[in-house]
Structure formats: C-alpha cells, structure tokens
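Here are my notes on the model you sent round. Please read them with the coordinates open.

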Amino acid sequence: MQSRTPAGRTGRPRSAAADTAILAATRAALVELGWSKLTLGDVAARAGVAKTTLYRRWAGKNELVVDAVAELFDELRLPDRGTLGADIEGVVLQLAAILDRPEAKSGLMAVVAESTRDPALRERIRATIVDRQKRLVVVGRARAQARGELPAESDPTDAARTVDLIFDMVAGAVVHRSLVSAEPADADWARSLTRVLLLGLAGAATAERAGEAGDAGQLESPVREGGDADAE
C-alpha cells in the first residue's frame, strides 16, 4: 500500500500493518455508523491503535476517509484480453463490483458531498483517487496503439486530454449507473457502454484526420493560386 501522508509530516516510521488496520476499520465504521457518526476515536478503537496514531497520519476525518476509499480503487487492474473493447469491459465490471460494496458506496458518496464545501478535500480526491486510476487509461491506450486499434498522438497535450476524456466517460458512466441510477452495471451494460465509447474514439480519430487533411489543403491553396498568377 502506498503512503498518502502529506510529505511534510515527520515522526517515527510508519507501520504498514497499522495503516492497513486503520483504513479497514474506517471502512467498517462507515458502513455501520455512516459519515456523520464516524469519529477518529471509534476508528482507533476498532483498529486497536491509539488515537494519536491516527493524528500522526491524517489531519482529520475527511482525509482519512478519502484514503480508505482510495485503497479500494487501488484494487483495479487492467486485464489484457487481446482487444481494447474487451479490456475496457473488464475494467468497467471491476469498477462496478467495487462500487457495489457498501463501504465504497458510503465512503465515496460521503467524501464527494463534503468536497463541495472543501476545496482541499476535492483536491485530495483528485490526487488519491482520480489521478491514480488514470494510470489504467494510460496503459490501456498505449496497448491499443501498439495493436493498431487507436492512432498515436504525437502532441503530449492532446494525449493528456484524450486520457482525461476516456477516464471521465468510463468512470462517470459507471459511478452514475451504480450510485445515482442504482441500476445494475452488468456484463450487457458494460458491453453497450464499451461499444459507444469505441464508436466515439473512432469518430474522433476520423475527424482529426479530416481536420489535418483540411488544414493541409488550405496551406496548399495559396501556393497553387500564387503559381497560377505568376504563370499569367
């Protein structure tokens, strides 16, 4: 498990076993007590550690719960099923399974709601959950490009935008389906979502190629027109 304690904090070396126990206790408390009744004292008692141990690691409940939820999403893995579509379906079903767990539902909904009033918490969610899981898109996209399923993007800015867009579409759709609509994100739904996403990526690539061709044509036109004028 990777440390998520703020870099400036010092003190005795951290215990991985204590971190694991604390985060597991936090998720259990969320399910049993809910966000409003969860306290660091209760988490410490469940984890079998001193309350001061929690405060050496986390500034407060918000940060602790975000890290407890983030650990669940760290379980996501990108399967290699041979095609981009099959890989996406695999991730979608994994994410749906995580969101179906009571501790994930309680924790994610709670911290997202709290983050609307707390910019620092919103940034922590982005750094520990969103940015960390974008690695799956980066790896999957590179794998699909190597297979010839997606075109390469030479501009790093454009590539980063594509990664953001793919992540937002997949994660947003699964979170909405699982937590807002409360509908099953099953294999049939995952297949349909993947089909729509692949059509969108194919369309974007076609539009980009057409745009490049159009730009090239515009650049060539003045040369041809100038050449004709000179000929006259």
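The points below cover the pocket, one arginine and the aromatic rings.

1. Status. This is a predicted model. Please read every value below as computed from that model.

2. Pocket size and centre. The largest pocket has a volume of about 680 Å³. Its lining counts 33 residues. Closest to the pocket centre are Leu-95, Phe-167, Val-170, Ala-171 and Gly-172.

3. Who builds the wall? Five helices each give two or more residues to the lining of the largest pocket: H5 (84-99), H6 (102-115), H7 (119-147), H8 (156-180) and H9 (187-231). The largest share is from H7, with 10 residues.

4. Lining chemistry. How many residues of the lining are nonpolar, polar and charged? The split is 24 nonpolar, four polar and five charged. Keep the five charged residues in view when you look at the lining.

5. Arg-141. This residue belongs to helix H7. Is Arg-141 buried or exposed? The relative accessible area of Arg-141 is 11%, and the cut-off for buried is under 20%, so Arg-141 counts as buried. The side chain of Arg-141 has a polar partner: it contacts the side chain of Glu-153 at 2.7 Å.

6. Aromatic rings. How many aromatic pairs does the structure hold? The count is zero. A ring does take part in a contact of another kind: the charged end of Lys-61 lies over the ring of Trp-35. The distance from that charged end to the centre of the Trp-35 ring is 4.7 Å.

Technical notes
Residues numbered from 1 in each chain as written. Predicted model: local features only at pLDDT ≥ 70, side-chain atom pairs only at ≥ 80, totals over all residues. Heavy atoms only, no water. Phe/Tyr/Trp six-rings, centres within 6.5 Å; stacked < 30°, edge-to-face > 60°. Lys NZ or Arg CZ within 6 Å of the ring centre and 35° of its normal. 1 Å grid on protein atoms, 1.4 Å probe; cavity = no way out; pocket = protein on both sides within 12 Å on 5 of 7 lines; lining within 4 Å. Points joined across faces, edges and corners; volume = space filled by probe spheres on them. Helix = DSSP H or I, 4+ residues; strand = E, 2+ residues; numbered from the N terminus. Nonpolar A, V, L, I, M, F, W, Y, C, P; charged D, E, K, R; others polar. Buried < 20%, exposed > 50% of the residue type's maximum accessible area, 1.4 Å probe, protein only. Polar contact = N/O pair within 3.5 Å; in protein donor to acceptor, adjacent residues only side chain to side chain.
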